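Biologist: Could you walk me through this model and tell me how each label is earned? I'd like to see the reasoning as well as the verdict.

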Amino acid sequence: MTPHESDSMVGFVSPRTGAALSPDGETLVSTVGERVPVVRSIPRFVASDGYSAAFGLQWNAHALTQLDSSTNAGLSRERLERCLGMPLERLAGLRVLEAGCGAGRFTELMVQAGALVHAVDLSSAVEANRRNVGAAPNYVVAQADIRDLPFPARTFDVVLCLGVLQHTPSPEASIAALWRMVAPGGLLVIDHYTWTLSRLTKLGPLYRQILKRLPPARAKRITDVLVDVFFPLHWAVRRTRILQQLLSRVSPCLSYCHIYPELTRAQHEDWCRLDTYDELTDHFKRLRSVRSIRQTLVALRGVQIQALRYYHVVEARCRKPGGTPCVG
């Protein structure tokens with residue numbers, strides 16, 4: 001089966017020629033003879049190797065870790081609505097492109113809200129995304145590169161890219177590629193890691209220089225051992241700020257026990273395993289300031305630009321001029 005097709009959903013096109021693609025058995029075929037394999041109901045415009053392999057392992061191993069439907073904590077919804085600047089219900093009926101969808105922490109929420117969600121990821125995380133979301137009529141997922149998206153330009157009411165840009169070879173090129181997908185009057189929503197003093201005073205970057213060079217499965221075994229050692233200490237000092245700060249200087253693990261009291265100990269440990277592996281194995285870790293993100297959006301001629309720092313992340317959004325804004 002190919003992905004669900006609807007008059008309201010955006011059809012796939014060849015990233016190379018722009019020719020429309022249509023189903024032909026277990027492939028998508030263009031009018032000029034291009035063929036794209038469809039594996040387990042997911043079109044595969046790229047292979048699952050290269051620097052994205054670690055992310056594929058990560059999201060398939062932690063497919064449920066961040067999903068609100070699994071944690072019952074509402075953390076993903078809170079973050080998504082903050083970045084969008086509006087309630088999720090406002091997405092109903094809108095064409096949304098989610099670039100870097102991972103296991104689907106935001107995908108499931110937007111699909112449930114009635115958005116017409118087109119999710120893509122560079123890695124095999126698309127398989128976890130598909131398992132988590134299912135075969136909803138307002139959802140399609142594909143394995144594709146942000147820089148070569150398989151959709152017509154200027155098509156989407158909302159283009160969303162959270163937790164991704166810092167891991168790409170060129171965040172500016174990636175943002176420009178996303179901008180091409182935004183329809184006139186549409187909204188671009190992104191975030192990006194920024195500089196923090198703690199990045200200069202922790203041991204994590206030293207671990208990363210070793211672990212990011214290892215095969216993903218081996219690196220995952222090592223980060224799991226690190227979590228086995230350090231997470232109990234993070235949990236023990238979660239209510240003592242000075243001890244948290246001291247421990248964070250020597251521990252390579254990322255733990256937010258003191259920030260999200262709504263999560264259980266087991267859920268915090270699971271998040272710690274996910275975030276520690278993510279932090280110590282990503283091939284690219286770009287950093288940008290609020291100012292540089294704002295300048296990038298200005299250069300693209302975005303309007304109604306908002307860019308704010310939230311902890312260690314820049315959260316930004318802007319609108320493409322022209323047309324009638326579909327979301328306010």
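Modeller: Gladly! A helix here is a DSSP run of H or I with at least four residues, a strand is a run of E with at least two, and both are numbered from the N terminus. Please keep in mind that this is a predicted model. With those names, A144 falls in the loop between β7 (139-143) and β8 (156-161).

Biologist: Why is A144 called buried?

Modeller: Its relative accessible area is 1%. Buried means under 20%, so A144 qualifies.

Biologist: What is A144 in contact with, leaving aside its neighbours within four places in sequence?

Modeller: F45, V46, V120, D121, L122 and P150. A contact requires heavy atoms within 4.5 Å, so each of these residues meets that limit with A144. F45 is 99 residues away along the chain, yet the C-alpha atoms of A144 and F45 are separated by 5.0 Å.

Biologist: F45 caught my eye. Which residues form one aromatic cluster with F45?

Modeller: F12, F151 and F156 join F45 in one cluster. The search of the whole structure turned up eight aromatic pairs, and F151 with F156 is an edge-to-face pair.

Biologist: What makes the F151 and F156 pair edge-to-face?

Modeller: There are two tests. The ring centres must lie within 6.5 Å, and these are 5.3 Å apart. Planes over 60 degrees apart count as edge-to-face, and the angle here is 85°, so the label follows. By the under 20% rule, F151 is buried at 4%, and F156 is buried at 0%.

Biologist: Let's try another alanine. How do you know whether A103 is buried or exposed?

Modeller: A103 sits in the loop between β5 (95-99) and α4. Its relative accessibility is 5%, so it counts as buried. Apart from its neighbours within four places in sequence, it contacts W59, A63, L67, A125, A128, N129 and N132. W59 is 44 residues away along the chain, with a C-alpha separation of 5.4 Å from A103.

Biologist: Which residues of helix α5 are buried?

Modeller: In α5 (residues 125-133), they are A125, V126, E127, A128, N129 and V133. Three of the residues that contact A103 are in that list: A125, A128 and N129. The elements covering the buried residues of α5 include β4 (42-43), α1 (53-61), α4 (107-112), β6 (116-121) and β7. Just after α5, G134 takes a positive phi of about 85°.

Biologist: Which residues have a positive phi although they are not glycines?

Modeller: N72 is one, at about 60°, and Q304 is another, at about 55°. N72 is in the loop between α2 (68-71) and α3 (75-84), while Q304 is in strand β10 (residues 303-310).

Biologist: Why is N72 called exposed?

Modeller: Exposed means over 50%; N72 reaches 67%, so it passes. Q304, at 57%, is exposed by the same cut-off.

Biologist: What makes a set of residues a nonpolar core?

Modeller: The residues must be buried, of the nonpolar kinds that count, and joined through side-chain atoms within 4.5 Å. The largest such core has 37 residues, and L178, L188, I190 and L297 have the most contacts inside it. Helix α6 (residues 171-181) gives the most to this core, with four residues. A second, separate core of 29 residues includes C101, A119, Y139 and V327.

Biologist: Finally, how many cavities of 30 Å³ or more does the search find?

Modeller: One, with a volume of about 30 Å³. A cavity is a place where a 1.4 Å probe fits but cannot get out. The lining residues are L254, S255, Y256, Y260, L263, H268, W271 and C272.

Biologist: How do you know how the residues of that lining divide?

Modeller: Leu, Tyr, Trp and Cys count as nonpolar, and the tally is six nonpolar, two polar and no charged. S255 and H268 are the polar two, because Ser and His belong to neither the nonpolar nor the charged list.

Conventions: Residues are numbered from 1 along each chain as its sequence is written. This is a predicted model: local features need pLDDT of at least 70, side-chain atom pairs count only at pLDDT 80 or more; totals for chains, interfaces and linings use all residues. Side-chain values use heavy atoms; hydrogens and water are left out. On a 1 Å grid over the protein atoms alone, a cavity is a set of points where a 1.4 Å probe fits but cannot get out, and a pocket is an open set with protein on both sides within 12 Å along at least five of seven lines; lining residues have an atom within 4 Å of a point. Grid points are joined across faces, edges and corners, and a volume is the space filled by probe spheres set on the points. Buried means under 20% relative accessible area, exposed over 50%, partly exposed in between (1.4 Å probe, protein chains only). Rings of Phe, Tyr and Trp (its six-membered ring) pair if their centres lie within 6.5 Å; planes under 30 degrees apart count as stacked, over 60 as edge-to-face and the rest as tilted.
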